[in-house]
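Hi,

Here is the structure I promised to pass on. Have a look at it first, and my notes follow underneath.

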Amino acid sequence: MHFILIQILGIIAWVFLILSYHRKNTNKIIIFQIIGNILYCIHYLLLGAYGGLFICFFEIIFDYGYYKTTKDNLIYLISIPVRILGGLISLISLIDILPIIASLIDGYSLTKKKRFVVIGAIISYSIWFIYDFSVLSYSGALADLVIIISNLSILLFNFNIFKFLYYEKQKVKKKSC
């Protein structure tokens, strides 16, 4: 039962992350990601996956910095040694290097415009998929795949879940009138 609750927490975190990429700009993306990363910190802590835990913790701090300032490049440069050192401190096996790499890619992409953020997330979550599957975060691995597919739909088809839901709501209103 404990394991199932941990996976459910991972799914809730995933919902925030997938919705983040459908937001209009990088700052709105970051707000959703901070919430998702807080939930992922708890998820990884309960799994004993300390590499993921520390990287998600640092992601919260740096995402907040990206959100509060326009000095994104400076924050990213400062974050590089912190992400690497934090990841190495939590290094138990070689698989724990993957969150460091994914975090560096994701952090760099957040210094750019939305399209680059979405592309960076595809690469980053491909790496997270391998890590999550390895540490038994099955909900995390599933979430990674869905985020990759969702972001591909944004790039290839300009799909936006919020616009889709809005138009569906309008259709329902018109039918009920």
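Let me start in the middle of the chain: the cover over the buried residues of H3 includes H2, H4, H5 and H6. Helices here are DSSP runs (H or I, at least four residues), numbered from the N terminus; buried means under 20% relative accessible area, exposed over 50%, and partly exposed in between (1.4 Å probe, protein chains only). Before you read on, note that this is a predicted model, where local features need pLDDT of at least 70 and side-chain atom pairs count only at pLDDT 80 or more, while totals for chains, interfaces and linings use all residues. Residues are numbered from 1 along each chain as its sequence is written, and side-chain values use heavy atoms, with hydrogens and water left out.

Back to H3. The buried residues in this helix include Gly 51, Leu 53, Phe 58, Phe 62 and Tyr 66. H3 has 19 residues and spans 27 Å from its first C-alpha to its last, close to the 27 Å expected at 1.5 Å a residue (the expected span is 1.5 Å times one less than the number of residues).

Asn 37 ties in here. This residue sits in helix H2 and is buried, at 8% relative accessible area. Apart from neighbours within four places in sequence, Asn 37 is in contact (heavy atoms within 4.5 Å) with Cys 56, Glu 59, Ile 60 and Asp 63. Those four also appear among the buried residues of H3.

Next, H5 (residues 97–109): 13 residues, reaching 19 Å between its first and last C-alpha, close to the 18 Å expected. Its buried residues, among them Leu 98, Pro 99, Ile 100 and Leu 104, pack against H2, H3 (50–68), H4 (72–89) and H6. In the loop between H4 and H5 you will find Ile 92, which counts as exposed because its relative accessible area is 66%. Ile 92 is 42 residues from Tyr 50 in sequence, and their C-alphas are 8.4 Å apart in space.

Now the aromatics. How many aromatic pairs does a search of the whole structure find? Eleven. Rings of Phe, Tyr and Trp (its six-membered ring) pair if their centres lie within 6.5 Å; planes under 30 degrees apart are stacked, over 60 edge-to-face, and the rest tilted. Tyr 44 and Tyr 131 are edge-to-face, since their ring centres are 6.0 Å apart and the planes meet at 65°. This pair links distant parts of the chain, with Tyr 44 in H2 (residues 26–47) and Tyr 131 in H6 (residues 114–134), 87 residues apart. Tyr 44 is buried at 2% relative accessibility, and Tyr 131 is buried at 0%.

Phe 133 and Tyr 138 also pair edge-to-face, 5.7 Å centre to centre with 65° between the planes. Here Phe 133 is partly exposed at 49%, as is Tyr 138 at 39%. Both belong to one aromatic cluster with Phe 3 and Phe 129.

Finally, H1 (residues 2–20) is where Ile 4 is found. This helix has 19 residues and reaches 28 Å, close to the 27 Å expected. Ile 6, Leu 9, Ala 13 and Leu 17 are among its buried residues, and their cover includes H2, H6 and H7 (138–157).

Cheers

Conventions:
Helices (H or I, at least four residues) and strands (E, at least two) are DSSP runs, numbered from the N terminus.
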